[in-house]
Amino acid sequence: MVTKTNNYENLKLSHPCFGGHKNNKGRIHLPVSPGCNIQCKFCDRKINDDEQRPGVTSKVITPEEALGVIKRALELCPEITVVGIAGPGDTLATDNAIETFRLVKEHYPNLLKCMSTNGLLLYERADEIIEVGIDSLTVTVNAVDPEIEAKLNSAIVYHSKKYEGVEAAKILIENQIKGIEKVAKAGITVKVNSVLVPGINDNHIEEIAKIVSKAGASIYNIIPLIPQFELADIPAPTCAQIDAARTKAGEYIDVFRHCQRCRADAIGVPGESDFGDQIYQRRISLK
Ligand code: CLF
Ligand code: SF4
């Protein structure tokens with residue numbers, strides 16, 4: 001357990017995804033957010049027990065069930081300092097994540113609250129995020145140029161209306177940047193994730209780094225594409241391509257290099273332990 005702070009310098013030591021070096025801290029992801037409001041061309045959300053990647057969970061749980069999962073997880077893994085919600089869909093597309101964080105704040109006030117979103121509703125829901133006391137927020141920004149974003153995302157549903165292509169991309173990017181500015185100004189530490197897609201945004205990473213840093217993000221995580229769904233034919237970036245992108249981005253913003261591309265229900269120290277099996281697959285009672 002850690003003393004909660006909202007400060008990037010402290011998070012570097014207490015949060016597994018905000019430091020330049022691995023720090024042996026753990027996180028529990030609560031898979032409470034099933035739906036999404038955008039359609040990334042590389043996204044393939046699944047319910048299963050064995051794939052190790054984002055968007056996958058053994059099950060979707062309710063905010064109330066999440067409390068039982070945290071209790072059991074802390075017994076198994078005392079290194080857990082962070083409660084994260086990262087899907088399997090978007091955390092702001094439904095109210096489940098905010099509701100869960102309200103319960104976490106009440107029952108586990110010493111755990112850091114970490115939320116991950118695509119940012120479509122970040123600007124308009126920023127006050128709720130600030131009020132519930134999110135300590136660290138990740139926004140996935142895959143492009144800051146709508147023409148490039150449209151190659152990575154086919155559609156959004158925004159205020160009950162569907163938008164496609166460049167029109168959708170413009171709305172998404174504007175809300176992401178305005179949202180980052182708003183929450184960063186309120187003192188929440190912001191990380192930006194980008195999925196590195198060769199031939200689409202690999203020469204655009206520097207520009208993303210520049211703009212999100214100016215908007216108030218503290219750290220940048222460049223994640224290699226897992227070729228799947230509509231982008232199944234694009235090869236994953238090589239280590240040299242990933243390293244080149246990270247080096248360029250590093251001129252503008254701190255770069256996180258230890259991402260493990262966690263499942264939406266991961267539990268443990270990223271890259272070292274996963275207790276998800278014991279909690280979900282062996283059907284241990286959550287109460
Ligand atoms: Fe989870 Fe993400 Fe919070 Fe970390 S993971 S919501 S910031 S607590 Fe970390 Fe996992 Fe990479 Fe995410 S290693 S996929 S960056
Ligand atoms: Fe999938 Fe996340 Fe993109 Fe939604 S925002 S489509 S859950 S990758």
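Q: How do strand 8 and strand 9 pair, in the parallel or the antiparallel sense?
A: The pairing of strand 8 with strand 9 is antiparallel and runs over four bridges. Strands pair here if DSSP finds at least two bridges between them. Strands (E, at least two residues) and helices (H or I, at least four) are DSSP runs, numbered from the N terminus.

Q: Before we go on, what kind of model is this?
A: This is a predicted model, in which local features need pLDDT of at least 70 and side-chain atom pairs count only at pLDDT 80 or more, while totals for chains, interfaces and linings use all residues. Residues are numbered from 1 along each chain as its sequence is written, chains are lettered from A and ligands numbered from 1 in the order in which they are written, and side-chain values use heavy atoms, with hydrogens and water left out.

Q: Back to the hairpin. Which residue stands opposite Lys 162?
A: Val 157 stands opposite Lys 162, which belongs to strand 9.

Q: How many residues lie between the two strands of the hairpin?
A: Two residues lie between strand 8 and strand 9. His 159 in the turn has a positive phi of about 50 degrees, and Ser 160, in the loop between the two strands, has phi near 70 degrees, a positive value in a residue other than glycine.

Q: Is His 159 buried or exposed, and what about Ser 160?
A: His 159 is exposed, with a relative accessible area of 54%. Ser 160 also counts as exposed, at 77% relative accessibility. Buried means under 20% relative accessible area, exposed over 50%, and partly exposed in between, with a 1.4 Å probe and protein chains only.

Q: What is the strand order of the sheet with strand 8?
A: It is an open sheet of three strands in the order 2-8-9, with antiparallel pairing. Strand 2 (38–40) and strand 9 (161–164) are at the edges with a single partner strand each, so one side of each has no neighbour in the sheet. On average, neighbouring strands are turned by 20 degrees against each other, direction ignored; the axes are lines fitted to C-alpha atoms, for helices over the stretch in contact, and angles run from 0 to 180 degrees between N-to-C directions.

Q: How many bridges join strand 2 to strand 8?
A: Three bridges join strand 2 to strand 8 (residues 153–158). Ile 38 has Ile 156 as its bridge partner in strand 8.

Q: What does Ala 155 touch?
A: Ala 155, a residue of strand 8, is in contact (heavy atoms within 4.5 Å) with Ile 38, Gln 39, Lys 162, Tyr 163, Glu 164 and Ala 168, leaving aside neighbours within four places in sequence. Ala 155 counts as buried at 10% relative accessibility. Its C-alpha atom is 7.8 Å from that of Cys 40, although the two residues are 115 apart along the chain.

Q: Ligands next. Which residues are around ligand 2?
A: Cys 36, Ile 38, Cys 40, Cys 43, Arg 45, Pro 88, Gly 89 and Asn 118 surround ligand 2, each with a heavy atom within 4 Å of it. Among them, Pro 88 is joined to Gly 87 by a cis peptide bond, with omega about 15 degrees. Pro 88 is found in the loop between strand 5 and helix 3.

Q: And which residues are closest to ligand 1?
A: Of the 14 residues surrounding ligand 1, the closest are Cys 17, His 29, Cys 114, Cys 259 and Cys 262. That shell divides into six nonpolar, five polar and three charged residues. Ala, Val, Leu, Ile, Met, Phe, Trp, Tyr, Cys and Pro count as nonpolar, Asp, Glu, Lys and Arg as charged, and the others, Gly among them, as polar.

Q: What is the order of the sheet of eight strands?
A: The order is 12-11-10-7-6-5-1-13, in an open sheet with mixed pairing. Its edge strands are strand 12 (254–256) and strand 13 (267–268), each pairing on one side only.

Q: How much of strand 11 is buried?
A: Six of the six residues of strand 11 are buried. Ile 219, Asn 221 and Ile 223 are on one side, with Tyr 220, Ile 222 and Pro 224 on the other. Strand 11 is joined to strand 10 (residues 189–196) by six bridges, running parallel.

Q: Last topic: which residues touch the most other members of the largest nonpolar core?
A: They are Leu 30 and Ile 129, in a core of 77 residues. Helix 6 (residues 165–185) supplies the largest share, seven residues. A nonpolar core is a set of buried Ala, Val, Leu, Ile, Met, Phe, Trp, Tyr and Cys residues joined through side-chain atoms within 4.5 Å.
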